[in-house]
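Trainee: I would like a close look at a single part of this model, taken slowly enough that I can follow it on the screen. Please keep to one sheet and to what surrounds it.

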Amino acid sequence: MNKLIPLALAFWPALSHADSLNIVVDVAPVRALVRSVAGDSASVTPLVGPSADPHAMALRPSQIRTLARADLIVATSPQLTPWLVDVLHAVVPSTPVVWLDHDHLDEEAGQHDHDDHSSHAEEDPHLWMDLEIASELTEDLAKTLAALRPEDAAKFAAAEASSQATLRQEAAQFAAFMDRFGPRAVVVSHNSWSAVSDAFGLNVVGYMSDGHHAAPGPAHVAQLRKKVADLGVRCFVKHPNEPAATFAPLNLDDTAILVSANPEGEPAPGTITVLPALMETLQNCHDQDQ
Ligand SMILES: [Zn+2]
């Protein structure tokens, strides 16, 4: 090993510049945020595929190998992917990990001084929807990538600045849309949009399964059925991978408008958050509910 170091150092700048960084992330929306800062300096691989469920999955051997080759890992929170923490400890104990859920990081380091961003992480672990957390992530990424690749520090800083601008733009567009959409009541298939409700006032009045995809009990269904009737809910948002029958326990009539939006899906081309795609979906409810 020792003999190799002088040789490696001789090529270091060349090596580091030629080699694309390997970054592994948990879900597609996080990949979009990471790519917006890392740009062409990295290949970014999500562990959770389009038809997989981040709340409960097992990695294939090929994915374990991908993880083992990672220079950096970016993940949301242990609440979203409970299976991932042990895998990281077992497979890549010394690879740097950037968590969206700062509290987890602090818990591991025994500190507790962050704003309580992830107050809803327990109930709804889809933290990339919280644009403050997304913005903090791009900041953390620019710093972490600059540490891994100092010669590109200026590039990462510039990319972070444009990523922040894009986050503000997508937030402004969604806020303008919500002015038109208003307080229209919405029921969703799983509890994944609470950050959007908190930040933009999306009136989610209920969900079938909780933020971890646990199936609803009969009492929960009965309560939700009553709420739908009392509030005259017509807009029902399900995950694209879920069947239309997802809402069957609510005995909806034919005035119900069923639309699909993917909280864990790839953002629309040219965008870095799930908001533009969600806006398109809700637009369907708006148009049909005139
Ligand atoms: Zn989910």
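In what order do the four strands of the open sheet lie, and is their pairing parallel or antiparallel?

Mentor: This is a predicted model, in which local features need pLDDT of at least 70 and side-chain atom pairs count only at pLDDT 80 or more, while totals for chains, interfaces and linings use all residues. Residues are numbered from 1 along each chain as its sequence is written, and side-chain values use heavy atoms, with hydrogens and water left out.

The order across the open sheet is β2-β1-β3-β4, and the pairing of its four strands is parallel. These elements come from an overall set of 10 helices and eight strands in the protein (DSSP runs of H or I with at least four residues, or of E with at least two, numbered from the N terminus). If you start at the two borders, you will find β2, residues 42-46, and β4, residues 97-99, as the edge strands, each of which pairs on one side only (pairing needs at least two DSSP bridges between two strands). Between neighbouring strands of this sheet the average turn is 20 degrees, with direction ignored.

Now move inward to β1, which covers residues 21-25 and is joined to β3, residues 72-75, by three bridges, with the two strands running parallel. To place that pairing on the screen, select V24, whose bridge partner in β3 is I73. Turning to β2, you can trace five bridges that join this strand to β1, and here too the two strands run parallel; the residue to select is L21, which has A42 as its bridge partner in β2. Four of the five residues of β1 are buried, so this strand is largely enclosed by the rest of the structure (buried is under 20% relative accessible area, exposed over 50%, partly exposed in between, with a 1.4 Å probe and protein chains only). For the protein as a whole, buried residues make up 49% of the 290 residues.

Next, look at what covers the sheet. Helix α6 lies across β1, β3 and β4, and runs at about 175 degrees to β3 (axes are lines fitted to C-alpha atoms, for helices over the stretch in contact, with angles from 0 to 180 degrees between N-to-C directions).

Further along the chain from β1, helix α2, residues 28-38, meets helix α7, residues 153-181, where their axes come within 7 Å and cross at roughly 135 degrees. On the α2 side the contact is made by L33, S36, V37 and A38, and on the α7 side by F156, A159, E160, S163 and L167 (contact means heavy atoms within 4.5 Å). Such links between separate parts of the chain can also be counted over the whole protein: of the contacts with a separation of 6 or more, 63% are between residues 24 or more positions apart.

As a contrast to the buried residues of β1, you may finally select N251, which is found in the loop between β7, residues 235-238, and β8, residues 257-260. With a relative accessible area of 58%, N251 is exposed, and although N251 is not a glycine, its phi is positive, at about 45 degrees. As background, most residues other than glycine have a negative phi.

To return to your question, the order to keep in mind is β2-β1-β3-β4, with parallel pairing, and β2 and β4 are the edge strands.
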